[in-house]
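Got the viewer open? Let's take a walk through this one, selecting a few pieces at a time.

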Amino acid sequence: MGRVGVLLLNLGGPDKLEDVGPFLYNLFSDPEIIRLPFRWLQRPLAWFIASRRVKTSQENYKQIGGGSPLRRITEAQGEALKEQLSDLGQEANIYVGMRYWHPYTEEAIALLTQDDIDKLVILPLYPQFSISTSGSSFRLLEKLWQEDPKLQRLEYTVIPSWYKQPNYLRAMADLIAQEIDQCPNPDEVHIFFSAHGVPKSYVEEAGDPYQQEIEECTYLIMQTLNRPNAHTLAYQSRVGPVEWLQPYTEDALKELGAQGVKDIVVVPISFVSEHIETLQEIDIEYREIAEEAGIHNFRRAPAPNTHPVFIRALADLVVEALEQPNFKLSQAAQMKKRVKMYPPESWEWGMTTSAEVWNGRIAMLGFIALIIELVTGHGLLHMIGLLQ
Ligand SMILES: C=CC1=C(C)c2cc3[nH]c(cc4nc(cc5[nH]c(cc1n2)c(C)c5CCC(=O)O)C(CCC(=O)O)=C4C)c(C)c3C=C
Ligand SMILES: [Fe+2]
Ligand SMILES: [Fe+2]
């Protein structure tokens, strides 16, 4: 085997408070994050949503020290992975490519094309696949590949998702056991898996395998843990007005409190690094909700970060990927369940899906017109005197 490269993909996070606005704009500009019927609406809406969210988001980043630790932790994971691979006899260059902030995926690709890599392993740092995470990064990579003949000559393979990897499951079970064993009655502790949510339509309409992979991963971690504890799976971090996967973490915590549960260990199951959604959302916001609901012993299992068994899992994934037939980006970006992304473009009479979609589109246009009118002070409502 010639020179091997490993491209670690992650979402990225603002390094400092001034980065929060542009980071949010990048995130909401992604059609895999906000799925709109019209592409031209994407950027104005991204600007609008990012501007509305920036203050709250900055307040949250302030509470965790003024920026995201994601870059630092991902780079540390990369260094540990390089060392572990070397111990296994596989020398490799590691590159970090973030989707919405530095080091951007494009920057990582520029570096690795300079380095004359013979084979590249593309490894998303998301154990479970979702259209909104690994899927979005794969689509971006597909586009970069189409544009660059040098990349087209590079041999590569993709690891689409890896939530069943035995050492990953072992690392998660270790981290949970360490927390449980610090409680006075370890067997009585309720294990609360908090997965990142996605809109329900991703799963039900677009065929995102995310929910199924999360459910299977929860089951496999519980099997690996092999303890008698009760457990719950819920979904956190909902953004916007549409329905996301349920139960929501906040509701499930209140429900457990009402049932008399006093000790819980929260397990962040979609993430492999500490970041705003573990350090702020779980440790501060959900802790407060749990304590108000009567759950007084609230603990959280740390994210795997650079846990040696977890790093070994990443190394095993790379070694196995090098031995197996190559998996292409076009295969990885494809949904497992082949479904149409949007209902028909043409009108159908009656209470059909098509009618619902067109109603939604018309409502969206009205909403955008209203925003533009509120921002510019000109428009139909001003003309007819409803707005001054
Ligand atoms: C609006 C829709 C969003 C979807 C869908 C979504 C899915 C999703 N995200 C992660 C992991 C991360 N998200 C992070 C930040 C982040 N995500 C959203 C929105 C959606 N995520 C926002 C608005 C933000 C910014 C933070 C905020 O304002 O709340 C991060 C980085 C966090 C950091 O430390 O900077 C990660 C990582 C997963 C795993 C996922 C679906 C499976
Ligand atoms: Fe997110
Ligand atoms: Fe989020």
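## First stop: helices 1 and 2

Helix 1 and helix 2 sit oblique to each other, because the angle between them, about 135°, falls in the oblique class. Keep in mind as you go that this is a predicted model. To see the pair, select residues 20-28 for helix 1 and 42-63 for helix 2; their axes are 7 Å apart. The crossing of helix 1 past helix 2 is right-handed. Now show side chains: helix 1 brings Val20, Gly21, Phe23, Leu24, Tyr25 and Phe28 to the contact, while helix 2 offers residues including Arg43, Trp47, Ile49, Arg53 and Tyr61. Colour that contact by class and you'll get eleven nonpolar, four polar and two charged residues.

## Second stop: the sheet

Next, switch to the strands. Four of them make an open sheet with parallel pairing, in the order 2-1-3-4. Select 92-98 (strand 2) and 155-158 (strand 4): these are the edges, each with a single partner strand, so one side of each has no neighbour in the sheet. On average, neighbouring strands are turned by 20° against each other, direction ignored.

For a look inside the sheet, pick strand 1 (residues 4-10) and strand 3 (residues 119-124), which pair in the parallel sense over six bridges. Which residue of strand 3 is the bridge partner of leucine 9? Click on proline 124 and you have it.

Bring in residues 70-87 and you'll see helix 3 packing on the sheet, where it touches strand 1 and strand 2. The direction of helix 3 makes about 160° with that of strand 2. Then add helix 4, residues 105-114: this one lies across strand 1, strand 2 and strand 3, and runs at about 155° to strand 2.

## Third stop: the iron ions

Zoom to ligand 3, an iron ion. Its protein donors are NE2 of His196 and OE of Glu277, lying 1.7 to 2.4 Å away. Turn on ligand 2 as well: that iron ion is 3.0 Å from ligand 3. The donor pair links distant parts of the chain, with histidine 196 in strand 5 (residues 190-196) and glutamate 277 in helix 11 (residues 276-292), 81 residues apart.

## Last stop: helices 7 and 9

Finish with residues 166-180 (helix 7) and 210-225 (helix 9), which pack at about 65° with axes 9 Å apart. Helix 7 passes helix 9 in a right-handed crossing. Among the residues that meet here are Leu169, Met172 and Ile176 of helix 7, and Cys217, Leu220 and Ile221 of helix 9. By class, this contact has eleven nonpolar residues, one polar and one charged.

Conventions
Residues numbered from 1 in each chain as written. Chains lettered and ligands numbered in written order. Predicted model: local features only at pLDDT ≥ 70, side-chain atom pairs only at ≥ 80, totals over all residues. Heavy atoms only, no water. Axes fitted to C-alpha atoms, helices over the stretch in contact; angles between N-to-C directions. Helix = DSSP H or I, 4+ residues; strand = E, 2+ residues; numbered from the N terminus. Parallel < 35°, antiparallel > 145°, perpendicular 65-115°, else oblique. Left-handed = near helix turned anticlockwise from the far one by under 90°. Contact = heavy atoms within 4.5 Å. Nonpolar A, V, L, I, M, F, W, Y, C, P; charged D, E, K, R; others polar. Pairing = 2+ DSSP bridges. Donors = N, O, S within 2.8 Å, 3.2 Å for Na, K, Ca; no water.
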